[in-house]
Amino acid sequence: MKHIILGISAWIFTLSCGFSQSATQPASTTLPRIAIAGLGIESSTFSPAKTTEEAFHARYGPEVFNAYPFMMPVSPLRKQAMWLPTIVGKSLPGGAVTREAYESLVNKTLDSLKKYGPYDGLYFDIHGAMSVVGLDDPEGDFLARIRKVIGYKTLVSTSMDLHGNVSWRLAQNSDLITCYRMAPHEDAMQTKERAVVNLLDRLKSGKGKPAYKAWIPVPILLPGEKTSTRIEPGKSLYKQVEPLADHREGIVDAAIWIGYAWADEPRNHAVVMVTGDDKAKVTETAEKLALDFWNVRNQFDFVAPTGTLEKSLSDAFASKKHPFFISDTGDNPTAGGAGDVTWTLTQLLARPEFKKADGPSLIYASIPDPELVKKAMAAGVGGQVDGVAGARVDSRFAPPVRLKGTVESIVKGDKDAEVEVVVKVGSVHVIVTQKRKPYHKEIDFTRLGLKPREADIVVVKIGYLEPELYAMQQGWIMALTPGGVNQDLARLPFKRIKRPIFPFDKDMATPNLSAQMVPLSGEK
Ligand SMILES: [Zn+2]
């Protein structure tokens with residue numbers, strides 16, 4: 001902890017003493033003082049996995065700037081405020097965060113905030129779907145605790161993932177709030193920048209807090225795999241947001257949250273929020289978006305064909321074009337699965353088609369197992385390895401899977417996986433990692449010596465394919481496999497979400513979708 005504080009002090013010192021020599025530093029003490037803080041993760045309460053503090057790869061003090069290309073020293077935004085970054089941490093999705101990890105990161109943030117206040121603004125950079133063991137609505141809790149330190153004069157601009165959840169408490173303590181408008185999230189950085197630009201604008205113009213914040217809970221809970229903005233109805237629904245929100249007199253921002261489907265809390269449902277100074281426009285805009293969302297609820301469907309693993313394989317074998325991609329969706333680590341469910345890999349290795357080395361080539365990404373990685377490293381490239389892998393965290397669906405084959409490659413240094421090995425079992429190239437890692441890009445494969453474009457079948461623990469994989473696929477199916485992020489929500493044991501909700505209660509009456517005005521931060 002001590003070195004962190006020293007780091008920040010050193011940086012403040014540079015700011016106050018060095019601005020005249022550097023065009024990249026703020027040149028006036030009248031610039032607004034803006035803190036930056038936030039934690040981002042989506043964590044499933046249906047997974048036995050737990051997330052600890054290291055998973056957040058927390059950045060401290062000036063390191064925080066590196067998380068934002070628009071905050072680089074040469075960037076115009078950087079010069080418009082005295083930035084006081086505290087801690088920003090972002091974890092891969094996973095299981096619920098331990099209470100200890102959460103408290104540690106929150107308390108470090110609060111300590112840092114206490115040290116460098118007062119603040120004109122705070123940029124609160126969160127995902128919004130964090131689950132913490134034994135604590136509801138962690139982001140709402142986090143911001144309420146931040147408010148106790150910074151008070152209510154500070155303008156808070158919150159930016160989120162559209163798969164986050166917006167509790168009333170989070171809405172009240174945020175003055176500006178927004179989320180992504182694209183899934184996959186190609187506009188993530190643009191959204192964060194918009195949140196910062198809007199904050200600066202409100203501070204510099206003296207307009208301060210927007211006068212109105214409309215919040216509408218929409219009783220819909222759908223998986224991200226059904227709500228891509230690349231296809232209808234998500235595409236048209238989200239396309240309206242920008243023209244309704246940006247550069248429109250009286251409106252500051254508008255956003256639609258799909259919410260997070262794999263946590264069982266009352267706050268998990270869709271939400272629409274609009275902020276601005278024109279009460280009628282704020283209300284109308286929010287109600288229009290909420291009603292439009294409700295009206296298309298029956299049209300949401302999976303973005304790709306879906307089926308059992310059995311059906312997925314028969315489609316893959318029948319396909320004339322390759323590579324044929326199969327999403328192993330139930331244990332998708334980027335949605336919050338443990339990542340070490342062995343069910344699918346066990347089924348694949350049992351298939352006669354893949355028993356021989358010259359069978360159809362299949363790449364399997366991936367299964368974490370530090371012990372098997374160790375064995376593979378001891379055997380070396382070209383050596384034989386025999387051991388079990390996976391199911392250390394989530395063994396509910398299948399026990400550890402036996403991998404007996406040749407070590408094809410060993411690569412060290414990945415930030416998430418740390419060490420990755422490829423073991424060839426029959427005609428299957430199995431990627432085994434020391435720690436969990438998502439495989440989203442072509443280079444994630446090629447750096448291991450694998451050639452996904454030349455493979456017959458590529459099976460990835462993922463939901464919808466990320467852009468590079470999508471561009472590569474010549475056929476794709478989402479296998480509805482078991483795991484902590486089972487896509488078949490009806491199979492999950494929800495107990496605490498608010499009912500009725502679509503699609504769990506299909507025939508529910510039309511809900512009240514009128515705008516609820518959230519009191520300004522600090523008001524009752
Ligand atoms: Zn998301």
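## Close-up views of a predicted model

**View 1. Helix 2 against the sheet.** Helix 2 lies across strand 1, strand 4, strand 5 and strand 7 (121-125), and runs at about 175° to strand 5. The model is predicted: local features need pLDDT of at least 70 and side-chain atom pairs count only at pLDDT 80 or more, while totals for chains, interfaces and linings use all residues. Residues are numbered from 1 along each chain as its sequence is written, and side-chain values use heavy atoms, with hydrogens and water left out. Helices (H or I, at least four residues) and strands (E, at least two) are DSSP runs numbered from the N terminus. Axes are lines fitted to C-alpha atoms, for helices over the stretch in contact (heavy atoms within 4.5 Å); angles run from 0 to 180 degrees between N-to-C directions. Helix 3 (residues 138-150) lies across strand 1, strand 7 and strand 8, at about 160° to strand 7.

**View 2. The open sheet.** Six strands with mixed pairing form this sheet, in the order 4-5-1-7-8-9. Strand 4 (59-60) and strand 9 are the edge strands, each pairing on one side only. Two strands pair if DSSP finds at least two bridges between them; strand 1 (residues 33-40) and strand 5 (residues 82-90) have seven bridges, in the parallel sense. A35 stands opposite L84 in strand 5.

**View 3. The zinc site.** The protein donors (N, O and S atoms within 2.8 Å of the metal, or 3.2 Å for Na, K and Ca) of the zinc ion are D161 (OD), D161 (OD), H163 (ND1) and H185 (NE2), at 2.1 to 2.5 Å. H163 is in the loop between strand 8 (155-160) and helix 4 (168-173), and H185, 22 residues apart from H163, is in the loop between strand 9 (176-179) and helix 5 (188-204). The arrangement is irregular because the four donor atoms subtend angles of 54 to 142°, whereas tetrahedral requires all angles between 85 and 135 degrees. H163 counts as buried (under 20% relative accessible area) at 8%. H185, at 25%, is partly exposed (between the buried limit and exposed, over 50%; 1.4 Å probe, protein chains only).

**View 4. The largest nonpolar core.** A nonpolar core is a set of buried Ala, Val, Leu, Ile, Met, Phe, Trp, Tyr and Cys residues joined through side-chain atoms within 4.5 Å. Of the 96 residues in the largest one, L122, V166, V218 and F445 touch the most other members. Helix 2 (residues 99-116) gives the largest share, seven residues.

How values were computed
Tetrahedral: all angles 85-135°; square planar, octahedral: opposite > 155°, others 65-115°.
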